[in-house]
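The following report describes one protein chain, working outward from single residues to the fold as a whole. Please read it alongside the sequence and the coordinates.

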Amino acid sequence: TRVLIQNDEAHPGEPYRETRENLAREISATRPSVSRELMAMKSEGLIDVTREGITMRDRNALYSLENL
């Protein structure tokens, strides 16, 4: 969530456009674990994942996750 929040703060409303592989490297995780987490957040309505990138749908919920 930290990377998505930072992207939204730097570029409000614009999708995060990095690949899952690059996102995984940035947060020191595996690509499969990043994919699982993104799909979980998508199913909860927190984000949209499209060819254009990852877009925050529920900023407040993502900010709350970041503060856990």
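P12 counts as exposed, at 61% relative accessibility, where exposed means over 50% relative accessible area, buried under 20%, and partly exposed in between, with a 1.4 Å probe and protein chains only. P12 is found in the loop between α1 and α2, and its C-alpha atom is separated by 9.9 Å from that of T55, 43 residues apart along the chain.

This is a predicted model, in which local features need pLDDT of at least 70 and side-chain atom pairs count only at pLDDT 80 or more, while totals for chains, interfaces and linings use all residues. Residues are numbered from 1 along each chain as its sequence is written, and side-chain values use heavy atoms, with hydrogens and water left out.

**Overall fold**

The secondary structure of the protein chain comes to 4 helices and 2 strands, following the pattern α-α-α-β-β-α along the sequence; helices (H or I, at least four residues) and strands (E, at least two) are DSSP runs numbered from the N terminus. The radius of gyration is 11 Å, which agrees with the value near 11 Å for a compact globule of 68 residues; the radius is taken over C-alpha atoms, and the globule rule is 2.2 Å times the number of residues to the power 0.38. Taken along the principal axes, the C-alpha atoms fill a box of roughly 25 × 25 × 20 Å. Buried residues make up 29% of the 68 residues in the chain. Of the contacts (heavy atoms within 4.5 Å) with a separation of 6 or more, 41% join residues 24 or more positions apart.

**Helix α3 and the core**

Helix α3 covers residues 31-43, and its 13 residues reach 18 Å from the first C-alpha to the last, close to the 18 Å expected at 1.5 Å a residue, the expected span being 1.5 Å times one less than the number of residues. The buried residues of α3 are V34, S35, L38 and M41. Seen down the axis of α3, these buried residues fall within an arc of 130 degrees, so they line one face of the helix; the arc is that of the directions from the helix axis to the C-beta atoms. An α-helix has 3.6 residues a turn, so residues three or four places apart point the same way. The face of α3 turned away from its buried side carries the exposed residues R36 and S43. On the buried side, the residues of α3 pack against α1 (2-10), α2 (20-26), β1 (47-50), β2 (53-56) and α4 (59-66). After α3 comes G45, whose phi is positive, near 80 degrees.

The largest nonpolar core has 15 residues, of which L23, L38, M41, I47 and I54 touch the most other members; such a core is a set of buried Ala, Val, Leu, Ile, Met, Phe, Trp, Tyr and Cys residues joined through side-chain atoms within 4.5 Å. The elements that give two or more residues to this core are α1, α2, α3, β1 and β2. Not counting residues up to four places away in sequence, I47 touches L4, L38, M41, K42, I54, T55, M56, R57 and L62.

**Individual positions**

Four further residues can be set side by side.

| Residue | Place | Relative accessible area |
|---|---|---|
| N7 | helix α1 | 16%, buried |
| R20 | helix α2 | 28%, partly exposed |
| S28 | loop between α2 and α3 | 70%, exposed |
| V49 | strand β1 | 16%, buried |

Leaving aside its neighbours within four places in sequence, N7 is in contact with E14, P15 and Y16, and a polar atom of the N7 side chain lies 3.3 Å from the backbone oxygen of E14.

R20 touches R31, V34, S35, L38, M39 and V49, again not counting residues up to four places away in sequence. The side chain of R20 makes a polar contact with the side chain of S35 at 3.3 Å; a polar contact is a pair of N or O atoms within 3.5 Å, where within protein one must be able to donate a hydrogen and the other to accept it, and residues adjacent in sequence count only if both atoms are side-chain atoms. R20 and V34 are 14 residues apart in sequence and 6.7 Å apart in space, C-alpha to C-alpha.

V49 touches R20, M39, K42 and I54, with residues up to four places away in sequence not counted. V49 and Y16 are 33 residues apart in sequence and 9.4 Å apart in space, C-alpha to C-alpha.

The phi of S28 is near 55 degrees, a positive value in a residue other than glycine. Most residues other than glycine have a negative phi.
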